[in-house]
Structure formats: structure tokens, C-alpha cells
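Q: I'm new to reading protein models, and I'd like to understand how charged side chains pair up. Please take me through a close look at the salt bridges here, with enough of the surroundings to place them.

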Amino acid sequence: MEIIWHGYKCFQVKTKSAAVLVDPYKAEVGIQMPNVKTDVIVFTNENDSENNMEMAPAGTKFFSWPGEYEVSGIALTIKKLSESSSFISFDIDNIRICYLTDLTLDLTDEKISEFGNVDILIVPVDQKKGGFSKVHELLEELEPRVVIPIFYATPGLKIELDEIGPFLKKAGISQSVDSMEKEKFTVNSKSSLPQEKTEYVILKPQVA
């Protein structure tokens, strides 16, 4: 299984049998989506003017409404937390990947318990989406094995977002972003994930 970040708020989860692309964007944001093959596209906010509805060829499945879906071995769940905020989970080979689109929400213990045992957490870290303070509060509750931050300032992006540095500093990470960046995050099995502590994975945006 692979997780690839295409910059801004778009990422893709790929397995040997299927691929799911989340929130592909239009070029007006300042960076360009690459041409990617995908079986499913998920839009977390169907009314967002930045949604790239022409990203995939005919036959691609589009999901933007709450529900539980099965896509070639990927169990996909979409829940609405508010009018413009969503929670998405991917269950693949006993590994649970979760994505929260908005951390400004006050999540109750009951809501958090619905997320289940999170192995990999993908989170927006810009202050306007809750910021790193909210993220770290959530990490204490969920205790994921891996955290992948997205939705922060990168070269070429016209949308004004915060830098990733303060988030890493809050997490106690002193390494430079350049030394941590990976083109993709590959998981071979649940047992290959960190066992004793949370690992922070910084992905280099794969753009055109």
C-alpha cells in the first residue's frame, strides 16, 4: 500500500488492486495536479469551487456523500462532521487510515471513539484548519502509529497557508523538512508500522 501527497489537500491511497484519490484541485490554487490513474475520487466538500471534477476519465467513481463503500478490497467510510467538514477512513489489510478535514471542530469523546483504532492519521496542520495545537490534542486521544501532515505552505501554492516548521517543533522534531521528505509512504503490513511511538512522515508533494 502507498500513500502519495499531491500537494495542498489532495492525496492518494493506492493498493495493488485499486486507488482512491481525495480532493484533486484546479490549477488556480497555483500548483498543477499530475495525471494520475485512480478508480475512485472522493470530494470532502462537494461545494468547494476548487474541486477538479475533470480529473478522471469516464467510469471513475465519485463519492462526496456520507456512507460506507467497498472498492476492490478497500473499505471506505465517509462521515460528515459539519456542513463542510468530513471524516474519512480507509480499512486495508487490517490497517486503518483516517483523514480529518477540519480540526477547528470540538470533537467529543463519543465522536473520537467512532474513529476506532487509527494506525495512520492524515491531518491538515494550517492554523485556519485547526492548527498544530489542535492536532497534538487529537494525537493524545487517538495515539496513531503514523502521522502524515498535509495542507501547509509549499512552493508555488497561491493559497496562503502556514509553514510546517511550527508543527514539527511542537512535536519535538528537530530534523529539517528536507531530510525527512519522502516521495511516498509505503506500508507492507500492519506489523511494519511503528510499535512504541508515533512516527511523523513528511511527504514531498508530487505535482505536475
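A: Let's start with contacts, meaning heavy atoms within 4.5 Å. Of the contacts in the protein with a separation of 6 or more, 52% are between residues 24 or more positions apart. Keep in mind that this is a predicted model: local features need pLDDT of at least 70 and side-chain atom pairs count only at pLDDT 80 or more, while totals for chains, interfaces and linings use all residues. Residues are numbered from 1 along each chain as its sequence is written, and side-chain values use heavy atoms, with hydrogens and water left out.

Now to the salt bridges. The term stands for a side-chain nitrogen of Lys or Arg within 4 Å of a carboxyl oxygen of Asp or Glu, and by this rule there are seven salt bridges. We'll need a few more words along the way. Helices (H or I, at least four residues) and strands (E, at least two) are DSSP runs, numbered from the N terminus. A residue is buried under 20% relative accessible area, exposed over 50% and partly exposed in between (1.4 Å probe, protein chains only).

Take E2 and K184 to begin with: their closest N and O atoms are 2.9 Å apart. E2 belongs to strand 1 (residues 2-5), whereas K184 sits in the loop between strand 12 (181-182) and strand 13 (185-186), so this salt bridge ties together parts that are 182 residues apart in sequence. K184 is partly exposed, at a relative accessible area of 40%.

Strand 1 also has a place in a sheet. Two strands pair if DSSP finds at least two bridges between them, and six strands form an open sheet in the order 5-4-3-2-1-13, with mixed pairing. Its edge strands, each pairing on one side only, are strand 5 and strand 13. Strand 1 and strand 2 run antiparallel and are joined by four bridges; I3, for instance, has V13 in strand 2 as its bridge partner.

Next, look at K9 and D48, whose side chains meet in a salt bridge of 2.4 Å, N to O. This pair links distant parts of the chain, 39 residues apart: K9 is in the loop between strand 1 and strand 2 (11-14), and D48 is in the loop between strand 4 (40-42) and strand 5 (61-63). Both K9 and D48 are buried.

The third pair is D119 with R145, where the closest N and O atoms are 3.7 Å apart. D119 lies in the loop between helix 1 (109-113) and strand 10 (120-124), and R145 in the loop between helix 2 (131-142) and strand 11 (146-150), so the salt bridge connects parts that are 26 residues apart in sequence. D119 is buried, with a relative accessible area of 4%, but R145 is partly exposed at 23%. Returning to K9 and D48, salt bridges that share partners join them and E50 into one network.

Finally, here is the wider setting. The protein has four helices and 15 strands. Its radius of gyration is 16 Å, close to the 17 Å that the globule rule gives for 208 residues, so the protein is as compact as a globular protein of that length. That radius is taken over C-alpha atoms, and the globule rule is 2.2 Å times the number of residues to the power 0.38. Of the 208 residues, 52% count as buried.
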